[in-house]
Amino acid sequence: MSQPWLPLFILATSLLVAPLIFVLPERAWRARAVVNLSAAVLKLVLVALLVWGFYQGRDYSFGFTVVDGAAFFLQVDALGLMFAGLSALLWLATTVYAIGYLEDSPNRKRFFGFFSLCIASTVGIALAGNLFTFLLFYELLTLATYPLVVHRGHDKALQAGTIYLRYTLSGGLVLLLGVVALHALVGDIAFGQRERLADLGPEAHPMLTVLFLVLLLGLGVKAALVPLHGWLPRAMVAPAPVSALLHAVAVVKAGAFGIVRLVYDVYGISLVHELGLLMLLSVIATVTILYGSVKALSQQELKPRLAYSTVSQVSYIVLGISLFGPFGTIAGLVHLMHQGLMKVTLFYCAGNYAEELGIHRIDELDGAGRRMPMTSLAFTVGALGMIGLPPVAGFITKWYLGMGAVQAGMSWVIVVLMASSLLNAAYFLPILHRLWFRHGPAHGHGNWPEERNLGRFETSAWLLLPTAATTLFSILVGLLAGMTFSPLDLATFVATEEYLP
Amino acid sequence: MIERLGLSPLTIQAESMVAVWVVLGLPLLLGAVGGLVRPARGWPVAMAGLLPLLALAWLWRDVDSEAGRSWMIEIGSLALYWRINGLTLILIALTYLIGLASALYTPAYLREDPQREPRGQAWFWPLLGILISSLSLIWLAVDLLSLYFGLELMGLSAVGLMLLTGKVDALVAGLRYLLLALVGSLAFLLGVSLLLGAWGRLDLAGLARAVEPGAPLWVAVALLSAGLLLKAAAFPLHAWLAPVHASAWIPISALHAGLVVKASFFIALQLWLVLVPEATVAAWAIGGMAGAAVIWGGVMAWRAAKLKDVLAWSTVSQLGYLLLAFPLLIGTDSAVAALAWEGTWLQLAAHGLAKAAMFLAAGNLILATGEIRVAGLAGASRRFPLSLLSFGMAAISLVGLPPSMGFTAKWLLLHAALTGGHWPWLAVLGIGTLLSAAYVFRVFRYSFIEDAPEYEFHPVPWGMDAIALLLALSALLLGLAMEGPLDLLRGAGEGS
Amino acid sequence: MPPLEETLLAAGLLLLAALSLFDRHLVRACSWFVAFGLVVTLAWARLGLVWLALLELVLGAVLTGAFLFHALGVTPSVRRPRGFFAHWHDPVPLTWGLALERLLPALAVLAMLGVTLAALDDDSSGSLRPGGLGLLVLGLWAFALHRHLLRRLLAFNVIGTGIFLLLMSLVGPSAMPAAHGLVVIGLVVALVGTALGALLVRRIEALEWAHAAAPRADDPST
């Protein structure tokens, strides 16, 4: 049974909210909040429906021809569902957070409008059924995030916005060229039609290798692979909800998700393996992981440290898929979800510290655990997850990565994993130490940089609630990884499909 | 390609011409009425503007889009040839839409403009009517006499429209434009004379069969192209464009950039496809000009201090994309040509809509801030979100980002260049994209400044914003719905 | 061998064109142009193209002349030209840049034309063709080296006439109606162009006078 309207509805929930928000006057923040939240809830429900329907084996594909040989095509598969689910979940959380965070600040209308567009593009990326459609939403994402990055409108933000555009538009152009070239070579490939490229035969291999590298270059910019990562730490000037979303689902993940699609659904892992490109991928990922971690160590401010941590963590996904074998695949895909949940938690916490206490630097965090115990607890969970301690979600990734490395016969990856975990610990544990064990203003030593008492609890409930929710989810997906519908379950499903045809 | 232009000898000879005359004559008539009545409000213009659209719909229904129609009109012993097919229908529709948008915009604009010239308004409507009619004639005509007539009529009415501001700088720029238009028409006339002298006929279908390669043909085509490319502001004959726009009324700039320069391009491309369909080397030379236009226009737009100059230079740059049609269509194999054919007309339509929308939105911004510099837009995103949104959506199409028409056009052109292995044009398209992104986002960067000093400003009426917004939306959203029109383009001529 | 009468006509045309293009005194130049128009009328009439002759007389000689004199500000009562173009010196000195930018294209056009005419090897009887070519040469030269708008308009008209003569010398009897059509449209365009130019010159002058009279303080450009 084909139900093409469901993916369209899911897209429409956030796409049509954007004009509605633009029409609402700036003052009407209650109406805007209601519209935003109801759309986010609706989308979550629809995605849940989609997941349920998918397990029932329903067909949701929808498509029409745009130009000869290129079609707009939406389809639902396990991989897309994971990403769609993640973005729907985090959209709801981040909307709540953003309403609290941006209280009384100017240009909220513009912010929420583009915020909705941003999510619409993310969901579009998740549900895209071919490279052309993927490209459409990928570029739309660039456009929708620019106003969010420069939202503050000061010099630094504008500069960051310009750099962001320089990177992403160039990357988008390279991707466009690659996609057009692929179309010129074999025509429209729906995701999952791996045999199309494999059937070309060995004489096409040099061409395919070049194309893969071109596409990887285009996607690598958003995935912040070293040396294409320069925009990410600078984009930190954006408001906290934007940073959280940029890092957790929207931009960085769009790039990583694109690489996953490229490897599994366009080329097929066997072809990539045959072309010898998996080694290249794992080397790039290793370099990025180590470089990001080392750079994170040297950051004195909280958000840049988290940003470099993202550079490093996103490459776990790439590392996972570069390990030939089902365990590597599972590790990469599951990390797509897990890293999103944990990183968004960490950014919410950073935002909470900045809003409530005016803290931006790490050395100002002394004793904050006493003043803001909930936030600090959430931060601790996120940080431990990043390091890879059970039972938080990050542990599962590292476990499967290790198994994948063994399975692929690339034992050196385990060394990389160890090193990276040590580095993670080295840049997160001092923060935890400061939070819980150092004496600071909460113990009567000195003052917070800019303390505001935003709510009845340690900070505004709008800020605290999403933080708590994502923390809970990070623990739950780790604890309940064995259940149906869990990210691990979906990832296993994808991996089985990929390796056992 | 000749079949695609509707020049195939097998196209149906149609008897009834009433619909064609109505389509051609109605804008003239409405223009004359407008000159007498001088509407001060938008709604009468909207009412009147619907009439030509209805006439076009009538013609559309009449014309079998598969094969198209052609007519021979005999005036004494003189024979004129007109045809209509999917391509011309689309172009006429585009002309009417942009013309209607400009016409709707004008009354409000003249009310808002502090330096309006009351005498100019009486002239605006008749000249607009003449311009629209002559453009329609250019799309329809397939003999050089009608084309010459249409081209001159269009050129002179465009000059007239440019002068309506009545200020010294507008007049001086208009003077330059007039001289250039006259030089262009002399070159065109000389080329036509040579063709007529050598082969004794002016209808394109007949010429296509009659001409044989040799010095007369090449010289004639060179002269015709030089004249037309001068009028189309193709690099390096583009220097007149920016000063002309700087002082003209906004809706006239929109019309000019959206349509007038395209008409000369259209004639030139048509002539090449008919007369020298295998002149690969010359077409590559035009391609070189296209590359230079894209890059130079983009760089100048990036550096321009005034908002209108940004738009004018961006027109030079975008025309470069169109000029790529020459190397991609002339002497290439059918797969490449088929893609480039669709891409070219889509790019023409996309740029027409987007640039018109951009000019109207820029006009709103300029009227609201009273500033003509790009830097004067500081903080505009908070004060005039709607105008800026229109500007932005049009800009997306200009840069060629999805889901705009510009993107679809660029996709097709890129696809054509890749299929044919034409790497230089690929590079041109890529560099053009980055440069256009650079100059467009420079404008946005200013508009997002938050700590800007509060200039005095007064918002423009919502109607003006709405017109710009609608045009921009059509440029932005129609990109994904282009299969129908493209089918019409493909269908044109394949009935034979 | 073309008849003597026709040769004389062509020579007269060339002479008058040269005078109208290169006479330093503008009023005199415009008068020469009117005389030129009359001779062109004669030429058409001699070829048996009565309608064309009539049009040339009305549009090319009388109306164009009237607009040219209007641009100069010359009326039957006022004989001295006025206006701000007075300080423009023509012809501009010939520099390398100018030669490259203006003269070279003109020469290229002429060279291409020569090649074409040589290739179209029909019997070039009549002096229409050399006459037309000569007018083209004169007009292009003047257009390249003159800045003054009126001189350029004159040059434009002369080139136009040259093309008409050339066209008439090239076409056979079967293509005559089309050639007529082209010339008629060309004549109207030339007239409208000249008229627009003339009116523009006067308007700019008027505005410049008003501008000079007004105090400089409210000048937005300063």
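Two residues count as being in contact if their C-beta atoms, placed from the backbone, lie within 7 Å. Keep that cut-off handy for the exercises below, and remember that this is a predicted model.

**Exercise 1. Work out what share of the contacts in chain A with a separation of 6 or more links residues 24 or more positions apart.**

Solution. Start with the contacts in chain A that have a separation of 6 or more, then pick out the pairs 24 or more positions apart: these account for 81%. Now add burial to the picture: of the 501 residues in chain A, 62% are buried.

**Exercise 2. Compare the radius of gyration of chain A with that of a compact globule of 501 residues.**

Solution. First, the expectation: a compact globule with 501 residues would come out near 23 Å. Next, the model: chain A has 22 Å, so the two agree. For the dimensions, go to the principal axes, along which the C-alpha trace of chain A spans about 70 × 55 × 45 Å. As for what fills that space, chain A holds 22 helices and 2 strands.

**Exercise 3. Describe how the domains of chain A meet, and say which helix gives the largest share of the domain 1 side.**

Solution. Step one is the division: domain 1 of chain A covers 1-275 and domain 2 covers 290-501. Step two is the spacing, with the domain centres, taken over C-alpha atoms, 22 Å apart. Step three is the head count: domain 1 of chain A puts 40 residues into the contact and domain 2 of chain A puts in 39.

Now zoom in on the domain 1 side. Helices supplying at least two residues each include α4 (78-101), α11 (240-248) and α12 (251-267) of chain A. The largest share, 14 residues, comes from α4(A). Sort that side of domain 1 of chain A by class and you get 33 nonpolar, 6 polar and 1 charged residues.

**Exercise 4. Find the secondary structure of the span that UniProt marks as a domain in chain B.**

Solution. Begin with the record: an unreviewed UniProt entry places "domain: NADH:quinone oxidoreductase/Mrp antiporter transmembrane" at residues 141-435 of chain B. In the model, that span is 80% helix and 0% strand. Its end C-alpha atoms lie 36 Å apart.

**Exercise 5. Where in chain C does pLDDT stay under 50?**

Solution. Take the whole chain to begin with: chain C averages a pLDDT of 81, and 84% of the residues score at least 70. Then look at residues 216-222 of chain C, where pLDDT stays under 50. For this stretch the model has 1 contact beyond four places in sequence. To finish, the scores for the model are ipTM 0.91 and pTM 0.92.

How values were computed: Residues numbered from 1 in each chain as written. Chains lettered and ligands numbered in written order. Predicted model: local features only at pLDDT ≥ 70, side-chain atom pairs only at ≥ 80, totals over all residues. UniProt positions renumbered as here; feature names shortened; annotations may be inferred. Helix = DSSP H or I, 4+ residues; strand = E, 2+ residues; numbered from the N terminus. Rg over C-alpha atoms; globule rule 2.2 N^0.38 Å. Buried ≥ 20, exposed ≤ 12 C-beta atoms within 10 Å, placed from the backbone. Domains from an automatic or database assignment. Nonpolar A, V, L, I, M, F, W, Y, C, P; charged D, E, K, R; others polar. pLDDT = per-residue confidence, 0-100.
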